[in-house]
Amino acid sequence: MKEQIEKAFIENFGRGTFITITTPARANLIGEHIDYQGGYVLPIGVDKFIFTCGRERKDKSIKLFSFNYNQYFETTTDEIRYQKEYPWANYILGVLVEFKKLGNPLPGIEIVIGGNIPVGSGLSSSAAVEISIAVLSQKITGIELEPIEVIKLARRAENEFVGVACGIMDQFSIYLSKKDNALLLNCKTLDYKYVPLRMEGHKFLLVDTKKERSLSSSVYNERVRSVNEAVNIIKKYENIEFLTDVKDIHFYRDKLPYETFKRALHIFEENHRVLESVMSIEKGDTDGFGELMYLSHESLKDLYEVSCEELDFIVGFSKNFKEVKGARLTGAGMGGCCLVLLEGSFIPYFISELTTLYQSAFSKKPEFYEIQPVDGAFYQNLLVSRLQSH
Ligand code: GLA
């Protein structure tokens, strides 16, 4: 895939010196919809990648080609604006704008971007694009930012330019994940540690529902608003910044509107589940961790209400087999992927049975990705230098 993107770069912009940035996807093991409330999350880098080829231009043009959409877009460094007709370009332009805001003149740039992270599947192809452009911009301009500044910059691009009020988990994990580890991130303090994944004989499998997530960003922003409202009410009783600071959420059962309370209860309990999960994983207790995955899914379905029939079907199916330890929606939900933890030798049977049943229930085929935890973009691109000849 990398070679194809590099070839496309040469076809579009000619030979010479350019660089290629490799950026993985992410899947969250547990801790869903709590990053924007200061909670703990436990994502991994996933071996699906975006490859971004680029180099500086002498003029002020920004020339972008999307390999996957086979679309070309062009503007200049003085005229960067949101592009309704080119949604994919906004994730790039948003980061360039943020780079410009750092105060250094932005050079012209030509970029070809593409890869095999499925779009709309909840594996955060958007954050992968943002991070890849942030890495590329550093290499091209020679400006080196601290890892945390890169992560925050990429998130600001999504919050302010793209307009999704996302938390920091995706950009963080896509940049700093580590091979064979999960990343335990405290989204309030931004402290993190790596948790080695000791799961003898077990694998993570992603089942892509192939459900369109057209409504997802409006539902997402609505949930963010609703939990912010909960914080404002609770602040009258207790000094908190986030829902994860609350001592006992049950105290607020009658003080919050019913629906808001359900959302807050999810956040409170999910946060505890993450720390319990880390203990299970560290003990090599796959059954214990799997159980927490199922509980997390139930909570996202009933309390946070971000699941859908397809995801619930896959989780329900998984519960029939002792070889499957746990399953839950991963990412923002409302479609996208279900993450399944199961015995490796059971995967072929699981895939063939589920495909048949899913197809007859929803008249569409799910897709399956057997995934490995890989290094984030920071580690992937340590050796990429400013001078690479092709
Ligand atoms: C999206 C957001 C993340 C996070 C998840 C849900 O992926 O970008 O910040 O909130 O949803 O956990």
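This tour goes from the ligand site to three helix pairs. The model is predicted.

**Stop 1: the ligand**

Select the ligand first. Around the ligand you will find R26, E32, H33, D35, Y36, C166, G167, M169, D170, Y220, G331 and A332.

Now show side chains and look at three of these residues. Start with R26: an N or O atom of the R26 side chain sits 2.9 Å from a ligand oxygen atom. Go to E32 next. There, a polar side-chain atom is 2.6 Å from an oxygen atom of the ligand. Finish with D170, where an N or O atom in the side chain lies 2.6 Å from a ligand oxygen atom.

Keep D170 selected. The next stop picks up this residue on a helix.

**Stop 2: α3 against α5**

Select helix α3, residues 125-141, and helix α5, residues 169-176. The axes of α3 and α5 come within 9 Å and cross at roughly 55 degrees. That angle makes α3 oblique to α5. The crossing is right-handed.

Which residues make the contact between α3 and α5? From α3, pick A127, A128, E130, I131, V135 and Q138. From α5, pick D170, Q171, I174 and Y175. Colour them by class: the contact of α3 with α5 has 6 nonpolar, 2 polar and 2 charged residues. D170 is thus a shared landmark: D170 belongs to the ligand surroundings and to the contact of α5 with α3.

**Stop 3: α4 against α5**

Leave α5 on screen. Add helix α4, residues 147-162. The α4 and α5 axes come within 9 Å, crossing at roughly 140 degrees. Is α4 oblique or roughly antiparallel to α5? The angle makes α4 oblique to α5, because roughly antiparallel requires over 145 degrees. In handedness, α4 passes α5 in a right-handed crossing.

On the α4 side, select P147, I148, V150, I151, A154, R155 and E158. On the α5 side, select Q171, F172, Y175 and L176. By class, this contact of α4 with α5 holds 8 nonpolar, 1 polar and 2 charged residues.

Pause on Q171 and Y175. Both appear in the contact of α5 with α4, and both appear in the contact of α5 with α3.

**Stop 4: α8 against α9**

Hide the earlier helices. Select helix α8, residues 286-302, and helix α9, residues 309-318. Their axes come within 11 Å and cross at roughly 150 degrees. α8 and α9 are therefore roughly antiparallel to each other. Here α8 passes α9 in a left-handed crossing.

Show Y294, H297 and K301 of α8, then L311, D312, V315 and S318 of α9; these residues make the contact. The contact of α8 with α9 divides into 3 nonpolar, 2 polar and 2 charged residues.

Technical notes
Residues numbered from 1 in each chain as written. Predicted model: local features only at pLDDT ≥ 70, side-chain atom pairs only at ≥ 80, totals over all residues. Heavy atoms only, no water. Axes fitted to C-alpha atoms, helices over the stretch in contact; angles between N-to-C directions. Helix = DSSP H or I, 4+ residues; strand = E, 2+ residues; numbered from the N terminus. Parallel < 35°, antiparallel > 145°, perpendicular 65-115°, else oblique. Left-handed = near helix turned anticlockwise from the far one by under 90°. Contact = heavy atoms within 4.5 Å. Nonpolar A, V, L, I, M, F, W, Y, C, P; charged D, E, K, R; others polar. Near = heavy atom within 4 Å. Polar contact = N/O pair within 3.5 Å; in protein donor to acceptor, adjacent residues only side chain to side chain.
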